[in-house]
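The following report describes a set of chains and the places where they meet. Please look over the sequence and the coordinates before reading on.

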Amino acid sequence: MIREVNYNEIFDAQVHFRIILDCMARPGKVNNFGKITVHSPDNLHPASALVAFALLNRDVSFYANKNNSEIAEYFIVNTYSKPSAIKNADFVFINGTDDGKILLETNTGLLEYPEKSATVIIDVDNIYDVPKDQTHEIILKGPGVESEKRVYIRNISDHILQSVKEQNAEYPLGIDVILTDSVGNVMCIPRTNNFSWN
Amino acid sequence: MAYVSVKGGADAIANAKELVEYYRLKHRTKPLEIKQLQSQFRLGIDKIMGEGSLYAPEYAALAFKQMEGDVLEAAFVLRAFRATLQRRYYSEIINTRDMLIRRKISSSFREVPGGQVLGPTRDYTQRLIDSSKYNESMEDIDKFLKEFDGKIDKKKLVEITTFNKVIDLLRAEGLLMPAEAHYDKTVKDVTLEAIKFPAPRSVTLQMLARAETGGVLALAYSSMRGFGDGHGTIGELRYGSVKIHISDPKGRKRYIGSINVTECEMITKINTTKEAKIPYFAIGYGLVFGHNETKAICMSILERGIRTGKKENPSNNQEFVLYHTEGVESTGFTNHLKLPHYVTFQSGLNNLRESVKRNVDANEEKMKVYREMSKQFQK
Amino acid sequence: MIENKKFNTSYNYAFIDETTKKEIRRKLLKAVCIPGYQVPYSSPEMPIARGWGTGGLHVTLAIIGKSDTLKMIDQGSDASVNACNLRDFIHMTTDCATTYDTVEATIIQTRHRITEEKLTDKQIMVFQVPQPEPLRMVERYEYKTRQMHAESDYAKMWLTLYEAFVKWGAVMHGADYPVMVNNRYIMAPSPIPRWDIPNLNNAECLYLFGAGREKRLYAVPPHTKVEPLEFEDVKFHIEDFSDVKCASSGYNIAYMDEMFQDDGVSKKFYVNDSNFLDKLLEKKKVIQHSNKYLNKIKDALQRK
């Protein structure tokens, strides 16, 4: 259990939020959080910890899949957010290699209040914007993308991508995805995005 | 248009700010002390705290002084100040049955448990302007206080804090309407989220408690005059102080101080429907900070109307009542008409001109004929 | 002097407390994910009156940081009194850099205009919105309009527009013309003139909207379809100033302010966007928006 003392709740949160906002407004754009001074537990990328610190507090809940008691304590101590079952969680933290079917239990919101839905943070090994081997090529189209954008993700399962598409089949209901990798890269896929992959 | 086209916006504001301060000070009268305002403008301060939604008499007095006596502007300052403060605790529910009573009346019964306590009120005095207040001196004040003190027999002072409420008597007899079947008991905090309608009762009570007195008054009056469900009877109106407790991290109850509140329980008859066999009494409830009887009474009328009143009447419509009695928002929006709207206006002008032109073109043929005809008459 | 100290309060960076900033930030992210949909938010009170820009302020203060440069305009002008007041407030609580130059700004808070100069992907435009609900004119009740958006049931709106056309020969909206965003939500673009509407479509920059009094946030991401509502045979058109010229610069392919002269009869026109006008007068390079409606006007002018 570590209480992060080097994290600045005012200025770090603001800078990181702007990075996430830029990514969500421009799906496929890969940004980097820069110098990271937090020590997240095993199975949680430091970049995902920064996403949590920027967005979580007492008023929202989270669900962490792997190593969940250590991660839960980390989030509780640093953000005062509460752990909850996946179907009620506002923020869901999973790994790119997890079984995609857990995503089918996430909250996709209500037609009158589609924003009352989960944001899913997926830890993958690498996010590239140029072709690399052993990656999935994801082709993104939709609001925020000028015609189309391609990204290359290492270690994300077909099943997860399929589950995201299933959860987002009935717009405006859906979930919004943030991908982070081991070197501080971040990229987003909002529910409006019509993506395909190889 | 001078203040826009001649790029002097920032200067104009700085000068305006100084000018309005000049208006407050130009007669070089004695500076008002905050204690004076708190003490001698008690009812104004109470109103500011009620509409500002913050129980802080000194700050309310400061805002009152700053805003040159404009109660709603002072309430606005208090609200904005409140928004900057950290919310640390929610208090325990206050128990008005334990109120230190200063004033307690009932219109429904001639005698009530503990007796009617008239208390500090100007209700039964004449509103005659009192010229003796013009030259009030410290000596006058001391004289009054000494005489008043002389009339109090200290041996007869007994602290009576607890009276049974009138509604408890009615409830014991089985005359009060049982709570509605679909009564939403969710407790929301209106300062932390946008309210969606229909909203639970907790929202109605919170928003009315911080509503603008005049707005609440107008709508409750309309309700009494036939645009609502008519005339109730005051079961009980109380003014006094109540203790505030919070739970500390270990769960122990701690007393942190007392506040003054005015509480009104209004007894009304509900509409009898075909299903209802008994025309029960129902209660409307009002509770406000400080001493503000008008607002507590009106709040209780509107609160009941919103719950079970006939929906055609605007004063029974939750969305209508709560949105439009919110003083800070309504003042802001109505006054925003003072902001420049010339771009918006220009756009509308454009549209209207095109419309007129279309009309003229269409009538051009007719106009030709009329012109020819009128020429004939001119010959 | 203990009493004086009691009333001295120091405020958090950007005035709003961190808990509220986080709530606004979470809601802004969801708004970006559901373009054109109005997200309810807490909208705390500010020292600025409701109806005078608190929503825009909430958004700007929640997103602004040390490296931002702020531009503040009201009806196209940086020097307008209300723009000055809001700029002062933000500067006082953040110590941020401020500018009148559209190109230098990273955050532009605006009341009722989009800049004539094209915005880039490094810029965010924050709109102050008086009435976020475009359906309010056809339906008074919030719970009903929310249902209409949920079910994409916009029949009442189309009917009202059609009726206006039948009565007056045109869809009568001046400013705040309703638009359809991403083929799904009808949105109120705030009372910007029709001239500005086409610049919401497929933009490079991010557009964020804040309605403080009504407590709603919404967004239009870059490269998003934003179409003014129109009929097959009754099309949307922008205002046309080709008959007049700016009395200062001679330019006429920009939105104009009409000013009656002191004789009470004659009129002069001036380019409304004050920074754009300054640049024209200083003969500085400007990159204006381009869209099909503007291009049509430019072509027509060239043919004259």
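## Chain B and the contacts between chains

In chain B, residues 24 or more positions apart account for 63% of the contacts with a separation of 6 or more, where two residues are in contact if their C-beta atoms, placed from the backbone, lie within 7 Å. This is a predicted model, in which local features need pLDDT of at least 70 and side-chain atom pairs count only at pLDDT 80 or more, whereas totals for chains, interfaces and linings use all residues. Residues are numbered from 1 along each chain as its sequence is written, while chains are lettered from A and ligands numbered from 1 in the order in which they are written.

Chain B holds 14 helices and 4 strands; helices (H or I, at least four residues) and strands (E, at least two) are DSSP runs, numbered from the N terminus. The radius of gyration of chain B is 28 Å, whereas a compact globule of 379 residues would have one near 21 Å, the value being taken over C-alpha atoms and the globule rule being 2.2 Å times the number of residues to the power 0.38. The C-alpha trace of chain B spans about 105 × 70 × 50 Å along its principal axes. Of its 379 residues, 30% count as buried, a class that requires 20 or more other C-beta atoms within 10 Å of the residue's own, with 12 or fewer meaning exposed and anything in between partly exposed.

Among the 2 pairs of chains that touch, chains B and C have the most contacts. Chain A and chain B do not touch, and their nearest C-alpha atoms are 10 Å apart. The table divides two of the contacting sides by class, with Ala, Val, Leu, Ile, Met, Phe, Trp, Tyr, Cys and Pro counted as nonpolar, Asp, Glu, Lys and Arg as charged, and the others, Gly among them, as polar.

| Side | Nonpolar | Polar | Charged |
|---|---|---|---|
| Chain C, touching chain B | 22 residues | 14 residues | 12 residues |
| Chain A, touching chain C | 16 residues | 4 residues | 9 residues |

Between chains B and C, 48 residues of chain C are in contact with 43 residues of chain B, and helix 4 of chain C gives the largest share of the chain C side, 5 residues. Between chains A and C, 29 residues of chain A are in contact with 31 residues of chain C, and the largest share of the chain A side, 9 residues, comes from helix 1 (residues 11-25) of chain A.

Helix 2 (residues 9-25) of chain B packs against helix 4 (residues 81-94) of chain C at an angle of about 80°, with the axes 8 Å apart; axes are lines fitted to C-alpha atoms, for helices over the stretch in contact, and angles run from 0 to 180 degrees between N-to-C directions. Helix 2 of chain B is therefore roughly perpendicular to helix 4 of chain C, since angles under 35 degrees count as roughly parallel, over 145 as roughly antiparallel, 65 to 115 as roughly perpendicular and the rest as oblique. Gly9(B), Ala10(B), Ala12(B) and Ile13(B) of helix 2 meet Val81(C), Ala83(C), Cys84(C) and Asn85(C) of helix 4.

Within chain C, Val286(C) is found in the loop between helix 7 (274-281) and helix 8 (292-303), and it counts as partly exposed because it has 17 C-beta neighbours inside 10 Å. Not counting residues up to four places away in sequence, Val286(C) touches Glu117(C), Phe276(C) and Lys279(C).
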